[in-house]
Amino acid sequence: MAVAAKKASVRSKSDGKSNSAPVAPKPVDFNKEQELAAYRDMLLMRRFEEKAGQLYGMGFIGGFCHLYIGQEAVVTGLKMALIEGDQMITAYRDHAHMLAMDMSPRGVMAELTGRRGGYSKGKGGSMHMFSKEKNFYGGHGIVGAQVSLGTGLAFANRYRENKNVSLTYFGDGAANQGQVYESFNMASLWKLPVIYIIENNRYAMGTSVSRSSAETDFSQRGASFRIPGIQVDGMDVRAVKAAADLATEWCRSGKGPIILEMQTYRYRGHSMSDPAKYRSKEEVQKMRSEHDPIEQVKARVLEKKWASEDDLKALDKEVRDIVADAAEFAQTDPEPDASELYTDITH
Amino acid sequence: MPRMTMIEAIRGAMDVSMDKDDDVVVFGEDVGYFGGVFRCTQGLQQKYGRTRCFDAPISELGIVGAAIGMAAYGLKPCVEVQFADYVYPAYDQIVSEAARLRYRSNGEFTCPIVIRMPTGGGIFGGQTHSQSPEALFTHVSGLKVVVPSNPHDAKGLLIASIEDPDPVIFLEPKRLYNGPFDGHHERPVTPWSKHPLGEVPEGHFTVPLGKASILREGSAVTILAYGTMVYVAEAAAEETGIDAEIIDLRTLLPLDLDTIVASVKKTGRCVVVHEATLTSGFGAELAALVQQHCFYHLEAPVARVTGWDTPYPHAQEWDYFPGPARLGLALRETMEA
Ligand SMILES: Cc1ncc(C[n+]2csc(CCOP(=O)(O)OP(=O)(O)O)c2C)c(N)n1
Ligand SMILES: [Mg+2]
């Protein structure tokens, strides 16, 4: 990816006393199983969200709905480096993150439509879902808030002396919130096992990175806290996986936090009603046609003859069936009962 | 007189103020280039340049803190917090600095800032995009709190707020941006272009802070409302046939107690309505004041109709929202008491 890969570098102001800085790893080729698994995972996310977009258009989903389409390689590559018990926390662009944590498509879709079978019984909506079973700590509508929480999850890991890592996701826009830097300082001071994954999709709503950020190299944002950072081509799932392997190893071996700046792109509007006047159609089209994360894998799989067009069509059908089932459930499941108004309230 | 939406009226107020006074600056997230997510600042950057209307990073605390410093030196920042739900990171600056500057400096410095923010539910925003945090601000001495309910007042009150020497929290009920939403979500809202209160004078005019308006005269019961709830009150009065007097408070701080007391003494009954949660809501303050000042005129206990003491749910938005049916019930009960 032109914007990213060439610049890939590690920036860590090391004075020799801190850990020797990690070097941005080269993407490692996937084997057949890995390619096909990544392909299927990303396709599920893509089809799931395309369906969510349709349901929104049909009026089944109301309010906010932030689609992740275009960014799928990020969660998918990171997922491939996780071990049992690792936690994930993110903002409101969260559907794919939940699917990556193996949460049920039905439960997610039904939350979008506000039904009782949704992960928050319909009361949370698109931005607010959790799963203790799957170690998914939300779904947060307030920009930047999850960064401190993710830091706390990492503290808990260290306290319990497990080998787990907190995957704390946030956007380029969120990276300007003050609490991000309070968190960075604590995480580094206390050597917490947290990977700060900055999904730099170049825009925060209608504001481009250059209009909001004095330092647009987000991998450097931890420099004054001695947190090393790596820029990663977030459109290439192999590059993400390689960086994820490095980062998880970094954290699990007790070296403290690390930042991964994922250079990525969202194809759709910020939420569902976005006039998108802040960028050109050509810019979007160029990313779609030249850097699409799913198409990249598909091309490699076909080239290596690890699957035929027909095999991939069958896979697509399988994924579409899962999504259709989730959509059907999300439209037919009843809305929560009135008695639910006052459940899960602190008294 | 031209008719306009509340969005256009708010934009007009900033336009007039920027035109009149070079010290007025407008900024916030997506406010400059993009023109604001609700389009309230559209065109201002083109007209006044990037030094006077500009984008800020997603840093509410920093935005408000910087605005306070600007104001201390004599600028008049009018900042936008994209949704009221995002103001909490800035709450410390508002409470500890903005509200105290005059007092702390023995009146040497004041803090002429306006913090605009859309409030309220009704757009399926759920728990982080629907809140009405007015009581968090009315509880703080040193702040003024304004809630307009129509384009005319929005423009006049915003100009008055920008010209005010002290910090003003300017809450914009987002369900009213395009029309007088009355809680009947199942039917379309009349656009402001077809409503008399959509008529807004051109150029400079102010609606004074601290002055309520009587939206509907009546003799049976007084409804104290602000923002979206004034139209819910109108609908409830019509649907129940109860001859209610509806007071649109317009400013919560300073509060127009005279208008409230005169009305309740006349009707002998009072129902308070707001969308925010019940406990420690602004309705509690209103109820206390009414009983203190109108005790011997009251024929019934002061009733409160509010959002429930829960977060704003996504799925059960209309069960949460205190619509005309819930208010109608309270009106009947108050009449029968
Ligand atoms: C505290 C707070 N301020 C503002 C917002 C409004 N808001 C929601 S998303 C967003 C842009 C965030 O951009 P970024 O962090 O880059 O994430 P992306 O949407 O690109 O995934 C803004 C300003 C919010 N939800 N919370
Ligand atoms: Mg972004």
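## Cavities, pockets and the ligand site

The second largest pocket has a volume of about 390 Å³. That is one of several spaces covered in this briefing on a predicted model. The tour below starts with the open pockets, moves on to the enclosed cavities, and ends at ligand 1, whose space is the largest cavity.

**Open pockets**

- Staying with the second largest pocket, 20 residues form its lining, and those nearest its centre are Lys123(A), Gly124(A), Asp344(A), Gln127(B) and Pro311(B).
- Sorted by class, the lining of the second largest pocket comprises seven nonpolar, nine polar and four charged residues.
- The largest pocket holds about 740 Å³ of space.
- Its lining counts 30 residues, with Phe64(A), Ser273(A), Val37(B), Phe38(B) and Ile123(B) closest to the centre of the largest pocket.
- In the lining of the largest pocket you will find 15 nonpolar, 11 polar and four charged residues.

**Enclosed cavities**

- A quick word on the idea: rolling a probe the size of a water molecule over the atoms shows where empty space is left.
- How many cavities of 30 Å³ or more are there? The count comes to four.
- The largest cavity contains about 460 Å³ of space.
- A set of 35 residues lines the largest cavity, and Ala91(A), Tyr92(A), Val143(A), His270(A) and Ile58(B) are the ones nearest its centre.
- Two strands of chain A, E3 (166-171) and E5 (203-204), each contribute at least two residues to the lining of the largest cavity.
- Of the elements, E3(A) gives the most to that lining, with three residues.
- By class, the lining of the largest cavity splits into 15 nonpolar, 14 polar and six charged residues.
- The second largest cavity offers about 120 Å³ of space.
- Around the second largest cavity there are 14 lining residues, and Thr119(B), Ser132(B), Tyr226(B), Thr228(B) and Glu275(B) lie nearest its centre.
- In chain B, strand E6 (168-173) and strand E11 (270-277) are the elements that give two or more residues to the lining of the second largest cavity.
- E11(B) gives the most there, with three residues.
- The lining of the second largest cavity has six nonpolar, six polar and two charged residues.

**Ligand 1 and its surroundings**

- Which cavity corresponds to the space taken by ligand 1? The answer is the largest cavity, the one with about 460 Å³ of space.
- Ligand 1 has 20 residues around it, and Tyr92(A), Arg93(A), Gly173(A), Ala174(A) and Glu60(B) come nearest.
- The site is shared between chains because residues from chains A and B surround ligand 1.
- Nine nonpolar, seven polar and four charged residues make up the shell around ligand 1.
- Tyr92(A) appears twice in this picture: among the residues that come nearest to ligand 1, and among those nearest the centre of the largest cavity.

**Polar contacts and burial of ligand 1**

- Val143(A), one of the residues nearest the centre of the largest cavity, places a backbone N or O atom 3.0 Å from a nitrogen atom of ligand 1.
- In Asp172(A), a side-chain N or O atom is 3.0 Å from an oxygen atom of ligand 1.
- For Ala174(A), a polar backbone atom sits 2.8 Å from an oxygen atom of ligand 1.
- How much of ligand 1 does the protein bury? Taken alone, ligand 1 exposes 590 Å², and the protein buries 97% of that.

Notes: Residues numbered from 1 in each chain as written. Chains lettered and ligands numbered in written order. Predicted model: local features only at pLDDT ≥ 70, side-chain atom pairs only at ≥ 80, totals over all residues. Heavy atoms only, no water. Near = heavy atom within 4 Å. Polar contact = N/O pair within 3.5 Å; in protein donor to acceptor, adjacent residues only side chain to side chain. Areas by Shrake-Rupley, 256 points an atom, 1.4 Å probe, with all protein chains shown as cover. 1 Å grid on protein atoms, 1.4 Å probe; cavity = no way out; pocket = protein on both sides within 12 Å on 5 of 7 lines; lining within 4 Å. Sits in = over half its atoms within 2 Å of the grid points. Nonpolar A, V, L, I, M, F, W, Y, C, P; charged D, E, K, R; others polar. Points joined across faces, edges and corners; volume = space filled by probe spheres on them. Helix = DSSP H or I, 4+ residues; strand = E, 2+ residues; numbered from the N terminus.
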